[in-house]
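The following exercises are intended for a first-year student. Please study the sequence and the structure before reading the solutions.

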Amino acid sequence: MEQNTSLQQQLLEAGVHFGHLKKKWNPKMLPFIFAEKKGIHIIDLNKTTEAMQETAAALKQIARSGKKILFVGTKKQAKDIVTECAQRVNMPYVTERWLGGMLTNFNTVRKSVKKMQSIEKMLGDGSFDSITKKERLTLTRDKDKMEKVLGGIAQLGRVPAALFIVDIGHEHIALAEAKRLNITTFGIVDTNCDPNKVDFAIPANDDATKSIAIVTNYIVAAIAEGLAERQAAKEEDGDEAATDQENERRAARLEAEAQAEGGRGRGGRGGQGGGANRGAGGGTGRGPGGGGAAGGQRRRTPGQGGGVGRGPGGGKR
């Protein structure tokens, strides 16, 4: 509760509660309007706080899943803030001009980004040394122009999972493209806009720099937490995988040692058996030979010669 009170106090000091003139209001913003003062609508900061917390939780979950969130803020008051906050969490951003078809015709936009990157590479490796000065100047100007518009989405390899928009009325083209592609949208909505056009609306002043800064920084802090939790989960999974691999290697090593031990035991028993066979064979060979020799020595005695007639010598005699 104290945290909510502190947040509301910060929002109050930043002027988040100031809306547009009464004659410019959108009737669908009625649930978020607290009162009217001197012809200006006052936004209910309780609703703003709840919307910020809900939006932060949703964006934190998206960031934790590893998906990209595109920040869009081309208003003069929002350019620097959006650029700084998006770069802090390494997310793509558009702060100069929204090119028509940046999402719906994403493949063509990616070709322009690749062309810009190829020109940067040529400038870096000295490939421009072989062309004329005029051609080099033309390519450099093209690169600067593309970098101004596409520099924020240079690392965006696919359509983002969500859009965070500052002033959905001013960025209506971006909002329309996101809706066409069923991309989740988050936005700062003032009293002159329709909050039903975005999935998560934050009722707040979208014209004051302080108001934009406090809301965007709050959202970016939640995204940073989501990214930190994702990194911690990856490290934990890596440790578990390393432990599992170590256990598998240990089990394989023990199994190999057991198989080797079993092979040595079988080899030893085979050797003993061979020795016994040789012993039996030798004894048998020597037995009949001996019997033959005895028969040869005693062949003059008829009784003995008949007795050893089973021997080789006795049989022939």
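The exercises below concern a predicted model.

**Exercise 1.** Determine where the largest pocket lies with respect to domain 1 and domain 2.

*Solution.* Step 1: list the lining, which consists of K68, A86, Q87, N90, M91, P92, Y93, G151, G152, A154, Q155 and L156. Step 2: compare this list with the domain bounds, where domain 1 covers 1-101 + 160-250 and domain 2 covers 104-158. Step 3: both domains contribute residues to the lining, and therefore the pocket lies between them. Step 4: describe the pocket further; its volume is about 180 Å³, and its lining comprises six nonpolar, five polar and one charged residues.

**Exercise 2.** Describe helix α2 from its start to the residue just after it.

*Solution.* Step 1: at the start of α2, a side-chain oxygen of D44 comes within 3.0 Å of the backbone nitrogen of N46. Step 2: the helix occupies residues 45-64, and its 20 residues span 28 Å from the first C-alpha to the last, close to the expected 28 Å. Step 3: the buried residues of α2 include L45, A51, M52, L59 and I62. Step 4: just after α2, G66 adopts a positive phi of about 90°.

**Exercise 3.** Classify D167 and N182 as buried or exposed.

*Solution.* Step 1: locate D167 in the loop between β6 and α6, and N182 in the loop between α6 and β7. Step 2: the relative accessible area of D167 is 10%, under the 20% limit, so D167 is buried. Step 3: N182 has 70% relative accessibility, over the 50% limit, so N182 is exposed. Step 4: note the backbone, as D167 has a positive phi near 70° and N182 one of about 60°.

Conventions:
Residues are numbered from 1 along each chain as its sequence is written. This is a predicted model: local features need pLDDT of at least 70, side-chain atom pairs count only at pLDDT 80 or more; totals for chains, interfaces and linings use all residues. Side-chain values use heavy atoms; hydrogens and water are left out. On a 1 Å grid over the protein atoms alone, a cavity is a set of points where a 1.4 Å probe fits but cannot get out, and a pocket is an open set with protein on both sides within 12 Å along at least five of seven lines; lining residues have an atom within 4 Å of a point. Grid points are joined across faces, edges and corners, and a volume is the space filled by probe spheres set on the points. Ala, Val, Leu, Ile, Met, Phe, Trp, Tyr, Cys and Pro count as nonpolar, Asp, Glu, Lys and Arg as charged, and the others, Gly among them, as polar. Domain bounds come from an automatic or database domain assignment. Helices (H or I, at least four residues) and strands (E, at least two) are DSSP runs, numbered from the N terminus. The expected span of a helix is 1.5 Å times one less than its number of residues. Buried means under 20% relative accessible area, exposed over 50%, partly exposed in between (1.4 Å probe, protein chains only). A polar contact is a pair of N or O atoms within 3.5 Å; within protein, one must be able to donate a hydrogen and the other to accept it, and residues adjacent in sequence count only if both atoms are side-chain atoms.
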